[in-house]
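Trainee: I should like to work through this protein with you, element by element. May we begin once the structure is displayed?

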Amino acid sequence: MDTESLKGTIHDDLTGLVGISAFRDKAAEILRLGTMPWKGTSVIIYLNIENFKLFNSKYGFEKGNELLQNFSNLVQEVFFERLAARFAEDNFYVFAEREYVEEKVDRIADELRLMGRGMTLELCGGIYEITEKNTDVIRACDLAKIAGDSIKKKYGINWRFFDEELDEQFSLRQYIVENIDNAIEAEHIKVYYQPVVRTINDDICDLEALARWDDPVHGLLSPKIFINVLEEYHLIHKLDAFIVQKVCLHYKHCMQRGNPIIPVSVNLSRMDFELCDIFQVINQSVYENKVPKNMIHIEVKESVLSQNEEYMKEQINRFHREGYQVWLDNFGSSNSSLKVLKEFDIDVLKIDMKFLSDFSEKSRSVLVSVVHMVKSLGIQTLAEEVETKEQLDFLRSIGCEKVQGYHYSRPMFYWDLVRHISERGLFVESPGDRKYFDDIGRTDMLGIMTLLDDDKTNDINTHGISLAIVERKNDVYRVMNCNDNFRRIMNNIGFGEIAEAEKAFSKELGSLYLNLTAMFEKAETSGKPEVFDFVWKGFYCSGKAKFLSRGRDASAVLISLVNLSDDVSYIQRELLEEAGHNLFTAYRAVSMVDIPDDHRTIIYQSYKFKSESDMDSARESFRNFCKNEIYPEDQERFKRFMDLDTMIERIRKGGTNFINECFRTRGVDGNYEWSEYGIISLDEANERCLIYNRVLNGKDVKRIIGESKIEREEDENEITAEILWKNAVATSGLNFFWKDADRKFLGASKAFLDYYGFSSIDEIKGKNDEEMGWHVNPERFRNDEQMVLETGQRTRRVPGKCVAGGKLRDIVASKTPIYKDGKIVGLMGHFVDVSKQKAEQKRIKLLSYSDELTGTMNMRGLMDSGLRYVESYDFRSMDFAMIILDIMDFHRLNGLYGHDWGNMCLKRVADRILECIGVRGITSRPGGARFIVLYQFEDRRDVEELEKELKEEVEKIQKIGDLSCTLYASVGSAYYSDCESIERLHQNAMDMMLSNKKKMDS
């Protein structure tokens, strides 16, 4: 073929071959003129290097370009002096004779395999035979490509002619391209839904929207066909925008009819991000139908993110910033899986179930690793194409949160799915519980890291860990999920099945119920892993519990359990090394103290007692414990016993390695019980001690009290005046004191000392009020006390102010004389802090004009302020506007998420409005989810801008508490100068708001 005529035409810089335009024009000219240098039929040959992208990724673009150049040279060598072109990337075309074309393509395929550097490079060759001289060359190229693409992934097959079968497929492709607009308009394309089920409760938590084309000519078209065609011809954005619109309309209709509201994921193509602003398309549809953004999930395939990463990262961030979730589909189908997880912020990862295609041990191991890795990144997991109960049980056991597949349901039209759900006895997850189950689902059931403290590496049961998620609901406990090790331990201690253990947890049986209740409350209060222990049928068990989440009427913890009776190596490793002997059954608490560093570490603490402080300072920790937990009469002895400065010396003088003493300690029921405290010297040189506390039995109490020479009342049942007085001083909670005849303090109750922040009576003893300096106006109290001492008169509830805790406090004080042998020798007084009462009185007064929940004005305050605005208009001609903002659909949202959520929502909205208004106007909430703003202005355009700003700021709210949400606001305004009546102003603004609301609803 004469290639001289091609010189100077547009060509490919890398290979030197001609481009698409030159190839089309030259081939068409040769066909028209019949100037082919061969006899017989002509063909268009399509050549594509399969796995080229993988080669490029592995060896880099430089080696990839080198491969393309070598391949180009090979094509020109095999098809010598024939017209060859490179259209794009690794797509090559040749215009040549039909004769020997198969052999030539086979030769190219064989030599291509040798270029792979150890990687398999396959050739996909397509051949279109030209029968007419006026054949459209570009169409012939397309048909050759269809033939080549039909043998992709069919290794060992190098080429295929475009035949009758492919011609039918091509006709269908053309039909799809030409009829997509009509199919959308006529709604031949329909939305089907496939449910996503949460494994921990078998409830439907999400739906996936899928396109189905029910064509009047071809019937039900396969999604694989029409979606691929629409992507190839750059029409996919039309389909995806249509599906999003139908999903949003469906949500709106469900909401209006009171049907269950379920979040829906919609699939996006890579081309959507190139052919349109798909983010804006979705946002507009969501806004028009008032769909909360947390109800629409964006689903993209892994391959979408692996191309043009920086651009796609920004697109994903746009969706996240607006409040959408982003799901990653077909994880594991690409060679860039780990890189995608590293670079992109993903909420849910959909695992390609090819991992379980054969359900072999190896494939299960791979899936275990994937779930474990993904959970460590805080990403939820969803397994697709789950078809059997065996697969479901396995996925549940490894903590995969969600599943989707034919085991539950095929994709269906919505109303068919509703019937199917009812027939299967499935339930839809409540929106108010979604956050609760999401928190539980993030738990890694495969490893121990979820039970480790952030700053501790030593932990119980680090090998073969047993894990279970236990839920408490209406005082009933159930195991939501557990692994095989937990089942084994339950079986070993006498429970054949988990259901039997749940029966033992019941309130009626008692002991385990009480243990679980105490453990739940302690774990939730502390927010960190807590140790617990119990005895069941002679087996001693210990474990750790971490609080996971609280729902509307339930809470859940993660438990790790060890059967100590069956795990001698565990006892030796953990208990003997750390404490030297078994601490669990005998001791209330054990801690390690490093005296030079003033540091205390709690090693063990029984869940049956109040939590001891684990402060950084050992001294502060003991002082705090003494003040709150030790019986007042024993506190001075306890302080001396726990004195770190003398601790080592006292142990030395004792002649043994330890010292011990007995103190009365507060129990969980509020009573004080005798406990033994011991200090053992572990490292005298470095001054490290072990301190323990154990509750004493009756015999121990008598023995240790005798040894300690602690005096006790002979008649324990007698309540004497002395006992009453001691209790009043120590524990009554009354702020009272007594003084001598010179008004100097002799004593005071513990509550009095605590109020002013004194640790001992010695700090005030012998001083009067003036010397203490705690009264703002001491003359009144001084005069009252002198009157009491001189005349014997009593004073009652004398108001005054004092300084306590760095704050000015309101008090009322009462005082009475103390007589001895008929003479006044001093006085006794008590006071009550009425600061809270005064604040409450102010609050009640304020509430008559303000809304307690939001801090804005109420209707009364609004009307009162409105009159002031009217006066300003009448006397200074200052016009003002009323803007009414209403949160749409608030009543339904409040019902779904609960009143606590509703209150937080109203408070958040009020805060946003107040931020916008600033000092420019006043804000009120007359009731419900409606807010009213009064605003003075000079230009009505300022009101329009404020109206727009208020709406935008409220609708930017994406999260209330822990729950994602989307709020929509209807806003309307009116001007006083148009009404000259507050009542008419309110009515006009209300009419405008309701009119705008109606437009938004329609």
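**A guided reading of the predicted model**

Mentor: Let us start with a proline: Pro-195 is found in strand S6, residues 189-198. Please bear in mind throughout that this is a predicted model.

Trainee: Does Pro-195 count as buried or exposed?

Mentor: A residue is called buried when its relative accessible area is under 20%. For Pro-195 the relative accessibility is 2%, so Pro-195 counts as buried.

Trainee: Which residues is Pro-195 in contact with, leaving aside its neighbours within four places in sequence?

Mentor: The chain brings distant positions together here: Met-412 is 217 residues apart from Pro-195 along the chain, yet their C-alpha atoms are separated by 9.2 Å. Leaving aside neighbours within four places in sequence, the contacts of Pro-195 are Ile-204, Asp-206, Leu-207, Val-403, Gln-404, Ser-409 and Leu-417.

Trainee: Which residues make the nonpolar surface patch of about 240 Å²?

Mentor: One member, Phe-413, lies in the loop between strand S14 (402-403) and helix H16 (414-424). Its relative accessibility is 37%, so Phe-413 counts as partly exposed. The patch of about 240 Å² is made by Phe-413, Trp-415 and Val-418.

Trainee: How many residues of strand S1 are buried?

Mentor: Consider each face of S1 in turn. On one side Ser-42, Ile-44, Tyr-46, Asn-48 and Glu-50 are buried, and on the other Val-43, Ile-45, Leu-47 and Ile-49 are buried too. For the strand, residues 42-50, the count of buried residues is therefore 9 of 9.

Trainee: Which residue stands opposite Leu-47 in S4?

Mentor: Strand S1 has antiparallel pairings with two strands that we can examine: 7 bridges join S1 to S3 (residues 91-97), and 9 bridges join S1 to S4 (residues 122-130). In the pairing with S3, Tyr-46 stands opposite Tyr-93. In the pairing with S4, the residue opposite Leu-47 is Gly-125.

Trainee: In what order do the 4 strands of the open sheet stand?

Mentor: Strands of a sheet pair through backbone hydrogen bonds, either parallel or antiparallel. In this open sheet the pairing is antiparallel, and the order of the strands is S32-S33-S31-S36.

Trainee: Why is one side of S32 and of S36 left without a neighbour in the sheet?

Mentor: S32 (921-927) and S36 (969-975) stand at the edges, and each has a single partner strand, so one side of each has no neighbour in the sheet. Neighbouring strands of this sheet are turned against each other, direction ignored, by an average of 20 degrees.

Trainee: Which residue of S33 does Ile-884 stand opposite?

Mentor: Strands S31 (residues 880-887) and S33 (residues 930-936) run antiparallel and are joined by 7 bridges. Within S33, the residue opposite Ile-884 is Ile-932.

Trainee: Does Ser-924 count as buried or exposed?

Mentor: Ser-924 is found in strand S32. Leaving aside neighbours within four places in sequence, its contacts include Thr-856, Leu-862 and Ile-932. With a relative accessible area of 1%, Ser-924 is buried.

Trainee: At about what angle does helix H35 run to S36?

Mentor: Helix H35, residues 982-1001, lies across S31, S33 and S36. Relative to S36, the helix runs at about 145 degrees.

Trainee: Finally, what percentage of the residues of the protein count as buried?

Mentor: The protein has 35 helices and 36 strands, and its accessible surface comes to about 49000 Å². Of its 1002 residues, the share that counts as buried is 51%.

Methods: Residues numbered from 1 in each chain as written. Predicted model: local features only at pLDDT ≥ 70, side-chain atom pairs only at ≥ 80, totals over all residues. Heavy atoms only, no water. Pairing = 2+ DSSP bridges. Axes fitted to C-alpha atoms, helices over the stretch in contact; angles between N-to-C directions. Contact = heavy atoms within 4.5 Å. Patch = residues over 30% accessible without salt bridge, like charges linked within 9 Å, V, L, I, M, F, W, Y side chains within 5 Å. Areas by Shrake-Rupley, 256 points an atom, 1.4 Å probe, with all protein chains shown as cover. Salt bridge = Lys/Arg side-chain N within 4 Å of Asp/Glu carboxyl O. Buried < 20%, exposed > 50% of the residue type's maximum accessible area, 1.4 Å probe, protein only.
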